[in-house]
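Trainee: Could you take a close look with me at a single part of this model, and then connect that part to the rest of the chain? I would like one continuous account that I can follow with the structure open.

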Amino acid sequence: MKKIIVCLTILGAMNSMNAQFNLGKAAGVVTKGAKALTFTNEDAIKLSKESVDWMDKNNAVAGPKDPYTVRLNKLFGKHKTQDGLNLNYKVYKVKDINAFACADGSVRVFSSLMDIMTDNELLAVIGHEIGHVKNQDTKDAMKSAYLKAAALDAASSASGAVATLNDSQIGKMANAFLDASHSKKQESEADTYSYDFMKANKYDVVGAYTAFKKLALLSEGSTQSGFEKMFNSHPDSEKRAQAVKKRAEKDGLWKDPGTVAIPTTKLTK
Ligand SMILES: [Zn+2]
């Protein structure tokens with residue numbers, strides 16, 4: 001049984017060689033039963049559920065009494081059925097700074113992201129990930145990746161349904177999926193969703209601004225020791241921060257947060 005990761009991250013493709021987070025490359029891709037040309041949201045949900053189960057088993061998940069879980073419960077607990085969705089969340093205790101969402105409603109937040117983000121900033125990240133679930137972005141990314149991989153094999157794609165992909169096709173498909181996760185349109189729509197989520201729940205929208213400022217700082221390489229950067233941070237973090245600022249100013253919700261810096265002590269106690 002092979003699996004693909006059907007999730008979108010806050011920081012872009014997971015491709016670092018020295019990542020601690022176990023992405024499950026070895027797990028491969030589910031292809032049996034997945035229909036190449038009629039890829040439904042149910043297909044994406046099924047594949048992502050399997051992927052998340054695999055990742056939960058192969059990463060250090062914070063226990064129910066862990067301070068990280070306690071903190072995430074406080075922030076995320078009341079949003080588990082946000083927007084009619086059926087969401088679940090967990091913390092992975094890993095050095096890598098990221099968070100991701102999958103089509104089945106699973107959101108995973110990494111402890112190192114929680115270490116550098118305030119509650120409001122984490123809520124903005126959570127809102128962004130919920131936006132990806134709501135907008136069914138992972139389904140689109142998955143389908144596009146699947147079709148690209150299927151196109152590699154004329155014989156199987158001619159039949160309209162790919163039965164199995166070989167290992168090299170699986171690798172190409174995973175890469176195609178990660179490429180797809182860079183869709184600027186989807187990212188900016190998830191950012192918009194996050195802003196609306198913050199505003200509707202009366203959270204401080206400036207948290208979305210400072211969250212992106214911190215991601216921008218990470219992409220500039222100004223990480224604190226003890227925090228390991230895993231990803232090529234999203235190149236547009238600064239632009240995304242400015243987009244939040246613009247909206248907040250328009251809405252009369254802007255308060256200058258001053259200079260944003262990566263905290264030197266962990267914010268989860
Ligand atoms: Zn995203």
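**The metal site and its surroundings**

Mentor: Of the 269 residues in the protein, 55% are buried, and since this is a predicted model, everything that follows describes the prediction. The protein contains 10 helices and four strands, arranged along the sequence in the pattern β-α-α-β-β-β-α-α-α-α-α-α-α-α. Among the contacts between residues at least 6 apart in sequence, 76% join residues that are at least 24 apart.

The part I would look at closely is the zinc ion, which is coordinated by His128 and His132, each through NE2, and by two OE atoms of Glu187, at 2.1 to 2.6 Å. Along the chain these donors follow the spacing H-x3-H-x54-E. His128 belongs to helix α4 (residues 119-134) and Glu187 to helix α8 (residues 184-200), so this pair ties together parts of the protein that are 59 residues apart in sequence. Both His128 and Glu187 are buried.

What is the geometry of the four donor atoms around the zinc ion? The angles they subtend run from 53 to 136°, which makes the arrangement irregular. For comparison, the ideal angle for four tetrahedral donors is 109.5 degrees. To count as tetrahedral, all angles would have to lie between 85 and 135 degrees, and the range at this zinc ion, 53 to 136°, does not meet that condition.

From the two helices that carry donors we can move to helix α10 (residues 237-250), because α4 and α8, together with α9 (206-219), are included in what covers the buried residues of α10. At 1.5 Å a residue, the 14 residues of α10 should span 20 Å, and its end C-alpha atoms are indeed 20 Å apart, which agrees. The buried residues in α10 are Ser237, Arg240, Ala241, Val244 and Ala248. These residues cover an arc of only 105° around the axis, which puts them on the same side of α10. The general background is that an α-helix has 3.6 residues a turn, so residues three or four places apart point the same way. On the face of α10 turned away from the buried side are the exposed residues Lys239, Lys246 and Lys250. After α10 comes Gly252, whose phi is positive, near 70°.

Helix α4 also leads us towards the earlier part of the chain, since what covers the buried residues of helix α2 (residues 67-76) includes α4 along with β2, β4 and α3 (111-116). In α2 the buried residues are Tyr68, Thr69, Arg71, Leu72, Leu75 and Phe76. Seen down the axis of α2, they fall within an arc of 160°, so they line one face of the helix. Tyr68 is worth following individually: its relative accessible area is 11%, under the 20% that marks a buried residue. Leaving aside its neighbours within four places in sequence, Tyr68 is in contact with Ala62, Val91, Lys93, Ser111, Met114, Asp115, Lys266 and Thr268. The C-alpha atoms of Tyr68 and Phe110 are separated by 9.3 Å, although these residues are 42 apart along the chain.

Strand β4 (residues 106-110), which is included in the cover of α2, pairs with strand β3 in the antiparallel sense over three bridges. The two strands form a hairpin with three residues between them, and Gly105 in the turn has a positive phi of about 95°. Ala99 of β3 stands opposite Val109 in β4. From β3 (residues 99-102), Ala99 and Ala101 point one way while Phe100 and Cys102 point the other way, and all of them are buried. In general, the side chains of a regular strand alternate between the two faces of the sheet.

Finally, two loop residues deserve attention when you inspect the backbone. Most residues other than glycine have a negative phi. Asp83, which is not a glycine, nevertheless has a positive phi of about 60°; Asp83 lies in the loop between α2 and β2 (88-92) and, at 39% relative accessibility, counts as partly exposed. Lys202 likewise has a positive phi of about 60° without being a glycine, and Lys202 is found in the loop between α8 and α9, where it is exposed, with a relative accessible area of 76%.

Methods
Residues are numbered from 1 along each chain as its sequence is written. This is a predicted model: local features need pLDDT of at least 70, side-chain atom pairs count only at pLDDT 80 or more; totals for chains, interfaces and linings use all residues. Side-chain values use heavy atoms; hydrogens and water are left out. Donors are N, O and S atoms within 2.8 Å of the metal (3.2 Å for Na, K and Ca); water is not among the atoms, so sites may look incomplete. Four donors count as tetrahedral if all angles lie between 85 and 135 degrees; four count as square planar and six as octahedral if opposite donors are over 155 degrees apart and all others between 65 and 115; anything else is irregular. Buried means under 20% relative accessible area, exposed over 50%, partly exposed in between (1.4 Å probe, protein chains only). Two strands pair if DSSP finds at least two bridges between them. The expected span of a helix is 1.5 Å times one less than its number of residues. The arc is that of the directions from the helix axis to the C-beta atoms. Contact means heavy atoms within 4.5 Å.
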